[in-house]
Amino acid sequence: MAGLTEDPELGINDIKEETERNNKRIDKKVGVVAEESVQGEREMAPPAGGLIHRSGSRPQLDLSKAAIQGNFEERNPTILLPNQSDDISHLALDIGGSLIKLVYFSRHEDQSIRKKTVKERLGISNGNRRSYPILGGRLHFVKFETSKINDCLDFIYSKQLHRGGISKHPFNLDWVQRMDARWHSELPANENTVIKATGGGAYKFADLFKERLGVSLDKEDEMNCLVAGANFLLKAIRHEAFTHMEGHKEFVQIDHNELFPYLLVNVGSGVSMIKVDGDGKFQRVSGTNVGGGTYWGLGRLLTKCKSFDDLLELSQRGNNRTIDMLVGDIYGGMDYSKIGLSASTIASSFGKAISDNKELEDYRPEDISLSLLRMISYNIGQISYLNALLFGIKRIFFGGFFIRGHAYTMDTISFAVHFWSKGEAQAMFLRHEGFLGALGAFMSYEKHGLDDLMAHQLVERFPMGAPYTGGKIHGPPLGDLNEKISWMEKFLQKGTEITAPVPMAPPGTTGLGGFEVPSSKGGTLRSDASALNVGVLHLVPSLEVFPLLADPKTYEPNTIDLSDHSEFEYWFTVLSEHLQDLVDKAVASEGGTDDAKRRGDAFARAFSAHLARLLEEPAAYGKLGLANLLELREECLREFQFVDAYRSIKQRENEASLAVLPDLLIELDSMSEETRLLTLIEGVLAANIFDWGARACVDLYHKGTIIEIYRMSRNKMQRPWRVDDFDVFKERMLGSGDKKPPPHRRALLFVDNAGADVVLGMLPLARELLRRGTEVVLVANSLPALNDVTAMELPEIVAEAAKHCDILRRAAEAGGLLVDAMINTLDGYKENSSSVPLMVVENGCGSPCIDLRQVSSELAAAAKDADLIILEGMGRALHTNFNGRFKCDALKLAMVKNQRLAEKLINGNIYDCVCRYEPLR
């Protein structure tokens, strides 16, 4: 709607005129808007051209793609604003001496017209879970330097966080007029508006918040907030805790049922040791006055450093052996093995200063800083372990200002706990440790709703601008899409290599250090290169654990572990080489406009920055597997508003494949039952070659048509395949001799690519199962990813295929094709139809892979009566779930289109096939 994006001061009448000019398109708009909102899940608002800019005190109303819902002649018809900024629900702050940590929640309102989910129509309830408005949205984490508190106030002001934001949709004309009048009247914030806050700054800056924003700060107890924040994170975030030994991070999976008791060691200026026995149940059992303040105070006196972070950075280049007295210094370079002390163990911190004939200026500040760091960290680690031992506690978590994601600090504390416990205890740290207080303050709102969330309902994503743990601020919070693109272009103009999702400081250097030898990564890493990033937590209450997993606790979706650096470097190269082709497809999908090219360039630089960040610190975004990396790419595309980069390619391939489907079905029907089953499995494997995510397959596309490639692939199907369980599967399907097994009740077919893969591969297999009396549910992506078919696209494909096949037509009629029709047929299809149903559900994700710990409630409901799962394609059957075990029969089918994966996984070669059948035992 060009008028909506060009006029910066558009009024209500302009909406009416534009609506009338586009009446035909608006007739469809209700459904389209719902689709865009669900499929987009876009992190940022559209380009600023579609935004109405008003004075800084007023919320910004985005009218781009606005549309009238229903009858325009109504007095106050509803207007849908698909691109309006999220509605803000709550905001909380932790205002410390050096950093302000801000947590705020934004939510998407439900669409005014929504399809009832399969789960709801089946009558499956959420038990007695509360359904506060907070559920369903995003939890954001932002940091500011306390010395620049005005930046924080400006951020809150610009997003209107203190006023609760404005509703996304729907609303009516009367509401718009009233809101517009309110903006012009410059109404102040409600005098009763309260923001939850903790930390000393909640008292110090209360008047400033009242003066600038017109809000009161409701001060929450600091220790209550710390414990509440830690409890939530440890229960809700799957890989929140990690260990850190000699520069190596390892994420720890903690069963939330076995979390308590634990010791929370908060290292600020002093140290508090808190025994946590449950939600709201804790006591401070010990502490010490030797903490971060001691390190900073002595360090400032001895080194003249101007900031805490400068002092930490000095320690990166220090060598404590020049100033600490070691056991080897006392025993002539020898260990004191009788009592288990190595020659490199520190016998006395600063001990050499006693005998050296030196003054303070004769010692390097770097060495002093490292010696101080070790002295204090070792003591904190030792006292913490002794308290844990005293109270019989197994888990010790460290956090606070002193930790701040600093590698050497974590290493030193870990060494102390390991040493004094003789390896029986481990120090653990938290990915979100800097935000414990702010998150706890957030949870002090009466109806925050977070207590009800489970780990499978939280999805962490890392947009550009995701902050670091630790003390440094690497750039301002990035707001809308234009700001992100501008940052990317600024770095390009300056010739600066982007190595993280936010603007970076110049790289520092590291030198000697470690306990006995350098233990952190050397080279030219910044002092906080090993710090972790904090993403946006998407709260999705509709996600569930797939009920057919044999053991959800031990299930690990990723087959490829990228903690192996050589493995990550390989896939880094693969994704980098594929990037330009992906950008070209994405730009073409948006018409090749200048705006699309600009966004495409920004996406390429942004995703390259993500890869560089992960190459620098593989644990930066949490536990990393290949599936996470592939999903990160798709999320980055969506962040720059590329919704479906392969849309036109999928349409073209669907049409070409549907044109030859009738002949294939005739060929299949002429075969015997046994020959047909083998041909069907061969067809699935052959059609799986159509994968735009595999470099080898993309090269093939330039050498022939879809049908030529499919026929070539089928002709090369030679058994035995590299993994070949077909005979076992055939016996289950057809039996042996006169013994005929019963058909499966319901089969879930996880489909992969559009075009020949689904049309010539999976649909004929689904048809065969339907012929045998098995209900079939086609499971497809909720959001586009590469050329994968989506649940929104499948019904149209099935409808076209059904024109040429009575089996598919009757099953499609019985199943209704769409998710909505599924329930009607579940209740009555046996009485009203001679066919079992063919149904379609979405899987809840938008990635080439699938993590079955987080699937849609529709899929979970459909899985209730399933006794056969068929996982097809590299992403769902090899990259993920190759080692997954289920409570029913499972068939995994894929052609391996990557030589390294073939060698590593099946000791084979590229284009080898996998037919892995795992019957329920």
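Arg 404 lies over the face of Phe 401, 4.2 Å from the ring centre. The model is predicted. A second arginine, Arg 916, lies over the face of Phe 882, at 4.1 Å from the ring centre.

**Aromatic pairs**

Phe 401 also has an aromatic partner. Phe 308 and Phe 401 form a tilted pair, 4.6 Å centre to centre, with 55° between the planes. The pair links distant parts of the chain, 93 residues apart. Phe 308 belongs to helix 12 (residues 308–316). Phe 401 sits in the loop between strand 16 (396–399) and helix 16 (407–420). Are the two rings buried or exposed? Phe 308 is buried, at a relative accessible area of 5%. Phe 401 is partly exposed, at 30%.

Trp 721 and Phe 726 make another pair. Their planes stand at 80°, over the 60 degrees that marks the class, so the pair is edge-to-face. Both Trp 721 and Phe 726 are buried.

The ring geometries are set out here.

| Item | Distance from or between ring centres | Angle between planes |
|---|---|---|
| Phe 308 and Phe 401 | 4.6 Å | 55° |
| Trp 721 and Phe 726 | 6.4 Å | 80° |

How many aromatic pairs are there in total? The count comes to 26. Phe 308 and Phe 401 are also members of one aromatic cluster, together with Tyr 295, Trp 296 and Phe 402.

**Helix 19 against helix 20**

Helix 19 covers residues 565–589, and helix 20 covers residues 594–616. Their axes come within 10 Å and cross at roughly 175°. Angles over 145 degrees count as roughly antiparallel. The two helices are therefore roughly antiparallel to each other.

Which residues of helix 19 meet helix 20? Helix 19 supplies His 565, Phe 568, Glu 569, Phe 572, Leu 575, Ser 576, Leu 579, Leu 582, Val 583 and Val 587. Helix 20 answers with Ala 596, Lys 597, Gly 600, Phe 603, Ala 604, Phe 607, Ser 608, Leu 611, Ala 612, Leu 614 and Leu 615. By class, this contact has 15 nonpolar, four polar and two charged residues.

Ahead of helix 19 is a loop that starts after strand 20 (543–544), and Asp 561 is found in that loop. Asp 561 is partly exposed, with 44% relative accessibility. Leaving out residues up to four places away in sequence, Asp 561 touches Glu 567 and Leu 624. Ala 627 is 66 residues from Asp 561 along the chain, yet their C-alpha atoms are separated by 9.6 Å.

**Leu 439**

Leu 439 lies in helix 17 (residues 436–442). Is Leu 439 buried or exposed? Its relative accessible area is 0%, so Leu 439 is buried. Beyond its neighbours within four places in sequence, Leu 439 is in contact with Val 103, Leu 139, Gly 229, Phe 232 and Leu 233. The C-alpha atoms of Leu 439 and Val 227 are separated by 9.8 Å, although their positions lie 212 residues apart along the chain as a sequence separation.

**The whole chain**

The protein has 33 helices and 28 strands. It has 921 residues, of which 58% count as buried. Among contacts between residues at least 6 apart in sequence, 74% join residues at least 24 apart. The pair of Phe 308 and Phe 401, 93 residues apart, is one link between distant parts of the chain.

Methods. Residues are numbered from 1 along each chain as its sequence is written. This is a predicted model: local features need pLDDT of at least 70, side-chain atom pairs count only at pLDDT 80 or more; totals for chains, interfaces and linings use all residues. Side-chain values use heavy atoms; hydrogens and water are left out. Axes are lines fitted to C-alpha atoms, for helices over the stretch in contact, and angles run from 0 to 180 degrees between N-to-C directions. Helices (H or I, at least four residues) and strands (E, at least two) are DSSP runs, numbered from the N terminus. Angles under 35 degrees count as roughly parallel, over 145 as roughly antiparallel, 65 to 115 as roughly perpendicular and the rest as oblique. Contact means heavy atoms within 4.5 Å. Ala, Val, Leu, Ile, Met, Phe, Trp, Tyr, Cys and Pro count as nonpolar, Asp, Glu, Lys and Arg as charged, and the others, Gly among them, as polar. Rings of Phe, Tyr and Trp (its six-membered ring) pair if their centres lie within 6.5 Å; planes under 30 degrees apart count as stacked, over 60 as edge-to-face and the rest as tilted. Buried means under 20% relative accessible area, exposed over 50%, partly exposed in between (1.4 Å probe, protein chains only). A charge sits over a ring if NZ of Lys or CZ of Arg is within 6 Å of the ring centre and within 35 degrees of the ring normal.
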